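Biologist: I am new to this structure and should like to learn how to read it. Could we go through it one feature at a time?

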Amino acid sequence: MSELIFKTAHELADLLEKKEISSEELTNAQFERIEKTEKYIDAYISLNKEGALNKAREIDRKRAEGQKLSHLAGIPAAIKDNICTKGITTTCASKMLYNFVPPYNASVMDRLSDTPILGKANMDEFAMGSSTETSYFKKTKNPFDTGRIPGGSSGGSGAAVSASEAIFALGSDTGGSIRQPASLCGVVGFKPTYGLVSRYGLVAFASSLDQIGPFTKDIHDCALVLNEICGHDEHDSTSLDIPTADFTKALTGDVKGMKIGVPKEYIGEGVSDEVREKVLEAAREFEKMGAEVDECSLSMMPYSLAAYYLISSAEASSNLARYDGIRYGFRADGCTDVDEVFFKTRSEGFGDEVKRRIMLGTFVLSSGYYDAYYKKAQKVRTLIREDFNKTFEKYDVLLAPTSPCTAWKFGEKSADPLEMYAADICTVSINIAGLPAASMPFGVDKGGLPIGVQLIGKPLGDADIIRAGYALEVHAPKISPEIGGAR
Amino acid sequence: MSITKKEVEHLANLARLTLSDDEKARLTREMSNIIDFAQKLDETDYDSVKPTMHANAKTNVFREDEIKPSFKASEILQNAPQQDEGCFVVPRTVE
Amino acid sequence: MKYETVVGLEIHAELSTKTKIYCSCENSFGGSENTRCCPVCIGLPGTLPTLNKKVVEYGIKAGLAMNCEIAEYSKQDRKNYFYPDLPKAYQISQFDFPLCEHGFVIIDTENGQKKIGITRIHIEEDAGKFTHDPYRNLSRVDYNRGGVPLIEIVSEPDIRSSAEANAFLEAVRSILKCIGVSDCKMQEGSLRCDVNVSVRPEGQKEFGVRSECKNVNSFSGAVRAIDYERARQIEILESGAEVEQETRRWDDMAGKSFLLRSKEEAHDYRYFPEPDLMPMEISRGWVEEIRESLPELPHEKKARFMAEYGLPEYDSGLISVSDGFSKLLDDTVGCGAAPKEASNWILGEISKEINERCITSDDVPFGGQALAELIALINKGTISGSIAKQIVPDMFESDKSPEEIVKAKGLLQISDEGEIAKIIKEVFEANPKAIEDYKGGKTNVRGFLTGQVMRATKGKANPAVINKQLEIELGKL
């Protein structure tokens, strides 16, 4: 099998540009890999072989004709199945949308119009979960140990990149859904500043928290994908209207004088010793490279998880009300009137976790409880933002764990929702504050499972993260999974 | 605070969900736990705090009043579970 | 016991913007089902709303025309409920920070002018149309209307009768039409209202328990719904029972309202701030700019017609509520006609013609110049008043000027004394009996003879000349 698929996007972009390889060759190699390893991983809900190869050939033709192409043109990618792809089924890993074919493209897909789409990546149903176990279709396995979860909700995207089933992938992050699977699968995952990437066409979970971002093999690739997907979009009122930056300019390797804070609340109770040790090790590496590293405090952190679950469930209960069996997607059989269509469709179409969040969100917004729960959570949000603002007066980047633990076994945390929710403890406050953050691999635990460290930036400090991450990457051991007894 | 089975039934009705008895019992328990957990927020005083609705502080985001072509009815209806004469269709009981 | 009715109205008016409120689909009426739709207005997963600036401008304009305070901070909220015509299962509306608040509208009542308070005006989106097909045993949904911009105007409970409610609705309609934010076409459903009614014994200060009537789609329907509700509630009170707070549905065909839901079943809309749309901070500069652009409002016009033109209050009131008539009056007077003469023609023959043709006062095909010319033709003696009335329909039909019509139809007035004297002699010869009667002292046959002369000239004879010549000829007998 071609070794091409083990290369990074920046390596492949150079080869494509020099016409040493074709996109068709690369895309074919990628599908060969998928055919070989997908039976162990189950990263994809659906594959798009014909479409991807057509796109690859189109790019090759354009390149031969000398047409101007984007830097990543022709490099195939996996797309999380909650990002609308025109003409390609977009299910959100739910029975509710098992047959939904969007007649339009998400804005981010228009920006990636030169990208062959390998397929739609598995996820937790409607992005609600931290293990990809709530998918209606399949359970994605962690490439480092197929008895374990890949993290979630973008588990398919994380596993696909980790297992070399995609050169890069897009995911979405509402409370850690890019960073946590990236951490557990040993790849780079980046959640941009809220408003940097258009949400138009991303099926909404919690509108004020959702953000699309990349999964990549390294920080350089991450910068390249960010260059493609960031930018103002008039279809998204929350999209920031600012000049686009070139993130590759942050690939300097120099962190001298950079101020890095390690918030003590993130490495305290609830975080495994091995994870904590890796974070501290990363801190020491930064120090050695000339950064100023200091312990700091984010005192609102203990409140973030509760605030997150109240806000995200409230918004979700409203965002998911439109799935009523009338315009698209699943409709329950044998309905004789409108009310029956509503009740039966929604009861049969949604899984347990989605129902739980809808119920919680409905409660939080219902008359008599709004002030005590929803409004209070929005006030906590104000305090969390202020907390970060104050901290960022002193620091450029914060260093923290991404996940309090490494990948767990299937079913291990499924019994108790609160235990599952606690897995998001290190990531949710970043969404609440709308900040950028990345997870990057930084070694493994005793069992050989990847550990990720999280770099958190100030609003629009996305490039600071790239800069710090690129420098740290040099000191991170290279890890790759063995799948079916081979690389 | 704990939530009652009756409240769960009311919420399910608002959300257009039919729950089995098992689901009702489980959700009553789980939601009570989650809401208990949310009581943690009460440790702080919020009287003077203004709520934040959005993750960034943009205001006055408007679109100009300019017509763009609509989609074809066939595209609008392409995902409809049931359609008739250019419309989405819902079954109806004769009374 | 005598009862007083207390009414508050919630009026929904469709705005006449070019596009819908949250997407760029065309905002218009009619056409095939689901052809003015896009992923946004049918609520496809992943879509996001973008607010049409014109909707905000029109909302502010309506607020200013109704003497409201315009919010410095305003936001949009989601109102959550399930219905097949509501594609996202929530309506984007405004909850606690509406665009406009604390205004008023002045209405004319039997007892003079009255101020009706405006609680608030907010912007929101319309729903699609859900219709039942009893023959095919199914219901259809068309989302063309989904996302059409609306303003909801909520009045204070200041209205005390169905007649006042009607006057208020008329006043609101004339204002909205005048400022050009809504065409207010009732038959196309662009103006609808919910009616809140309660009754209380006369003299009692506290309000009674109110019911809300939905589905009122005409002004006359509002009047009937209020009268029905008043009677229903009084009957309950007289029987010793208490009125329940409830939502009712008005059935205009049946002339009755039916219980829709009780207070206990009232919807819990779970309003919360729309996370997909950012708040508005409305600059005072923008508000002043919009205020500057406001045209003269109906009540201002009425006052001016009375003060400047010396028209009676009745005429001024009727003309001022119509943009078309007001403009016609101003233009006619501007072309030199006397205001009262212009008003008489507008409220007389022209109104009659409009009614017969089933068109509106905005559709009069000629302008002030033509009407002024018509009036001048009478005053110059070129045509008589009755001839003038005859040519008004022609003015609706053709684009010829009144003078051209008069010439083309040979309707010029005959003022030649000799010619009229000749006709009078012919009339005398043809009517010997009348002449005998006159000689016998019956002087009232003069009227008959005048009529005969008019008839002989097909109305073209100048009445003053007939009068003079008749005097002379009768004197000769």
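**Reading a predicted assembly**

Modeller: In this predicted model, helix 10 of chain A offers a starting point: its buried residues pack against strand 3 (87-91) of chain B and also against strand 10 of chain C.

Biologist: Which residues of helix 10 of chain A are buried?

Modeller: They are A:Val338, A:Val341, A:Phe342, A:Phe343, A:Thr345, A:Arg346 and A:Gly349. The helix itself has 12 residues, and from its first C-alpha to its last it reaches 16 Å, close to the 16 Å expected at 1.5 Å a residue.

Biologist: How should I read the strands that this helix meets?

Modeller: Strands of a sheet pair through backbone hydrogen bonds, in either a parallel or an antiparallel manner. Here, 4 strands make an open sheet with antiparallel pairing, in the order 2(B)-3(B)-10(C)-9(C).

Biologist: Which strands stand at the edges of the sheet?

Modeller: Strand 2 (83-84) of chain B and strand 9 (129-133) of chain C do; each has a single partner strand, so one side of each lacks a neighbour in the sheet. Strand 9 of chain C pairs with strand 10 of chain C over 5 bridges, in the antiparallel sense. In one of the bridges, C:Asp133 has C:Leu138 of strand 10 as its partner.

Biologist: How is the extent of an interface described?

Modeller: The size of an interface is often given as the accessible area lost when the parts come together. Here one may instead consider residues in contact: 53 residues of chain A touch 39 residues of chain B. Helices 9 (301-319), 10 (338-349), 11 (352-365), 12 (370-391) and 13 (417-422) of chain A each give two or more residues to the chain A side. Helix 12 of chain A has the largest share, with 11 residues. By class, that side has 28 nonpolar, 14 polar and 11 charged residues.

Biologist: How many residues does the contact take from chain C and from chain A?

Modeller: It takes 26 residues from chain C and 36 residues from chain A. Strand 5 (77-80) and strand 10 (138-142) of chain C each supply at least two residues on the chain C side. The residues of that side divide into 16 nonpolar, 5 polar and 5 charged.

Biologist: What may be said of chain A as a whole?

Modeller: Chain A has 15 helices and 11 strands. Its radius of gyration is 21 Å, close to the 23 Å that the globule rule gives for 487 residues, so chain A is as compact as a globular protein of that length. Of its 487 residues, 66% count as buried.

Note on methods
Residues numbered from 1 in each chain as written. Chains lettered and ligands numbered in written order. Predicted model: local features only at pLDDT ≥ 70, side-chain atom pairs only at ≥ 80, totals over all residues. Contact = placed C-beta atoms within 7 Å. Nonpolar A, V, L, I, M, F, W, Y, C, P; charged D, E, K, R; others polar. Expected span 1.5 Å × (residues − 1). Buried ≥ 20, exposed ≤ 12 C-beta atoms within 10 Å, placed from the backbone. Pairing = 2+ DSSP bridges. Rg over C-alpha atoms; globule rule 2.2 N^0.38 Å.
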